[in-house]
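Student: I'd like to zoom in on one small part of this protein and follow its surroundings in some detail. Could you walk me through it once the structure is up?

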Amino acid sequence: MTTEAKLTTLGRAFASKEGVPLPHGEGLQFEFPGGCLDLTRHLIDADVLTTLLEHSEAKQLCATRDAMFAGERINTSEGRAVLHVALRGGIPHPIEVDGEDPVGYATEQLDRMLAFADAVRNGKIQASSGVRFTDVINIGIGGSDLGPRMAVEALLSSASGPKVHFVANVDGHDFELVTRELDPKTTLCLVASKTFTTLETMMNARTARAWIAEAVGEDQVGAHFAALSTNVEAVQAFGIDSDRMFGFRDWVGGRFSMWSPIGLSLACAIGSEGFRELLAGAAAMDQHFAKAPVAQNAPMLLGLLGYWCRVHLGFAGHAVIPYDRRLGRLPAYLQQADMESNGKRVSASGEPLTGPTGALVFGEPGTDAQHAFFQWLHQGTDRALVDLIGVIHPDHDHDEHHRALLANLVAQAEALRHGRTPEAARAAAVEAGLQGDTLELATASMTFPGDRPVTVLLMDRLDAYSLGSLVALHEHRIFVEGILYGLNSFDQPGVELGKTLAKTILPQLSGSASEMDPRLGWLLQKCQKGLAKT
């Protein structure tokens, strides 16, 4: 029997009875760079764990991991290497891609980018009027926005540079709300687009350019912009000097690019020292992923357990609940990183996949989430894998608040996994003074089945190093799950289709198209009413 078939049999067995977690101390509680993991509340037993480890060998997880670190073109549909690890020094041995040392190139761009960030922070690079920049706006979308935005918010308590803002949505309200309180004369805009053609980003960039030009004059606009791109001609045509352009190669995917010059906004907030700490945390996780045995390898185990929950237990959801308000944007970041990577219907070789692939990722910070969708997590007819992420030492002095926060994290971990028996529910209802039919109804309502698999991840502190490790952990976990699903985690054809269609529909809304698509006629006419001048 293959390991896949054995896992299917084991999954059916767990579906028909309550899963029994491994006892504490059997290898599922361990430390990793920047934090520790408790996996003892997953729906596995010793047989499942053994079979998952055997399955990792059958699917050649370690070999595929090693191929990534070696610079092989594991992004098969686009014929590209996958080397975001090169951006943070995570490759200890020399490699070559397209005749170039990727680590050397990444280091060169990093040094240039961080020198620019520090010069903005210390006032050596100034606004056109000769004063310091008070604000920085990152203009990007997707991977050019979600990663830096998440990290800036997470590390805000250690930020000491200009205030950093983000404009991503093509909705004009986004630009208006961000710039309403800003002075264009002291604002620096970073245009983050590898091709410098992304529709939403370039529309927002042109709006920002006009806003700056009106305040400082057309001839001074360049002093208020920098570009995170590889398109030299387009950047220069926009009015940005090449010495303010910071690039990256096509072996860096957008959702894995916060370590590249795409992170310039973050570097402006926390400085070069803080940014290098972020990279160091990620590099430490890279080495853990590259060297640790599968049974003690955090990304490997998380990937195997995520695959087990999705494919063999049939859980379509994956909830990410950070019990630290500073990590409020982490669920949105992981939505893109995970769902854009593993939301695929064909294999790495182009064949249709017959089984489940990437889960639906969602989440909000605890304890807010407990008063939103936790009812569904606890007693809904569907189940989801739940990640609870906490920080042991906060950056505030409100000890009572922090004890309550961590108490809620631990309580939810226990409640989700073990639930409440009918006997315990009845006892609680009796204690509440209920009787008769009301007692019976309350007993049924207050019974929790449990059996919700829970990952508990604790960081000692939320600093640049631990954040880097946390994000790299999930990058590698997503990669592992993609291997197990049998797909290519590093392309995004569905995203590209939407971009292409938007470019054909936009002229129809502006009235510049020769004819209107009859299938969309009614919808486009309704939209045009909002564009009509009154």
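Student: In which helix is the place of Arg65? Please take a close look at that part and tell me what is around it.

Tutor: Sure, and keep in mind that this is a predicted model. Arg65 sits in helix H3, which covers residues 61-69. Its relative accessibility is 6%, and since buried means under 20%, Arg65 counts as buried. As for polar partners, the side chain of Arg65 makes a polar contact with the side chain of Asp66, at 3.0 Å.

Now look further along the chain. If you skip the neighbours within four places in sequence, Arg65 is in contact with Phe289, Ala290, Lys291, Ala292, Asn297, Met300 and Phe479. Among these, Phe289, Ala290 and Lys291 belong to the H9 side of a helix pair, so let's go through that pair properly.

Two packed helices are described by the angle between their axes and the distance between the axes. For H3 and helix H9 (residues 264-291), the angle is about 140 degrees and the axes are 10 Å apart. Angles over 145 degrees would count as roughly antiparallel, so H3 and H9 come out as oblique to each other. On the H3 side the contact is made by Arg65, Met68 and Phe69, and on the H9 side by Asp286, Phe289, Ala290 and Lys291. Sorted by class, that contact has four nonpolar residues, three charged ones and no polar ones.

A residue worth visiting next is His476, which is found in helix H16 (residues 464-485). With a relative accessibility of 1%, His476 counts as buried. Again leaving out neighbours within four places in sequence, His476 is in contact with Met68, Val85, Arg88, Met285, Asp286, Phe289 and Pro299. You'll recognise some names here: Met68 from H3, plus Asp286 and Phe289 from H9, also take part in the contact of the two helices. Phe289 is in contact with Arg65 and with His476.

Stepping back to the whole protein, there are 18 helices and eleven strands. Buried residues account for 52% of its 534 residues. Of the contacts between residues at least 6 apart in sequence, 75% join residues at least 24 apart. The C-alpha atoms fill a box of roughly 80 × 60 × 60 Å along the principal axes. The radius of gyration is 25 Å, which agrees with the value near 24 Å that a compact globule of 534 residues would have.

How values were computed
Residues are numbered from 1 along each chain as its sequence is written. This is a predicted model: local features need pLDDT of at least 70, side-chain atom pairs count only at pLDDT 80 or more; totals for chains, interfaces and linings use all residues. Side-chain values use heavy atoms; hydrogens and water are left out. Helices (H or I, at least four residues) and strands (E, at least two) are DSSP runs, numbered from the N terminus. Buried means under 20% relative accessible area, exposed over 50%, partly exposed in between (1.4 Å probe, protein chains only). A polar contact is a pair of N or O atoms within 3.5 Å; within protein, one must be able to donate a hydrogen and the other to accept it, and residues adjacent in sequence count only if both atoms are side-chain atoms. Contact means heavy atoms within 4.5 Å. Axes are lines fitted to C-alpha atoms, for helices over the stretch in contact, and angles run from 0 to 180 degrees between N-to-C directions. Angles under 35 degrees count as roughly parallel, over 145 as roughly antiparallel, 65 to 115 as roughly perpendicular and the rest as oblique. Ala, Val, Leu, Ile, Met, Phe, Trp, Tyr, Cys and Pro count as nonpolar, Asp, Glu, Lys and Arg as charged, and the others, Gly among them, as polar. The radius of gyration is taken over C-alpha atoms; the globule rule is 2.2 Å times the number of residues to the power 0.38.
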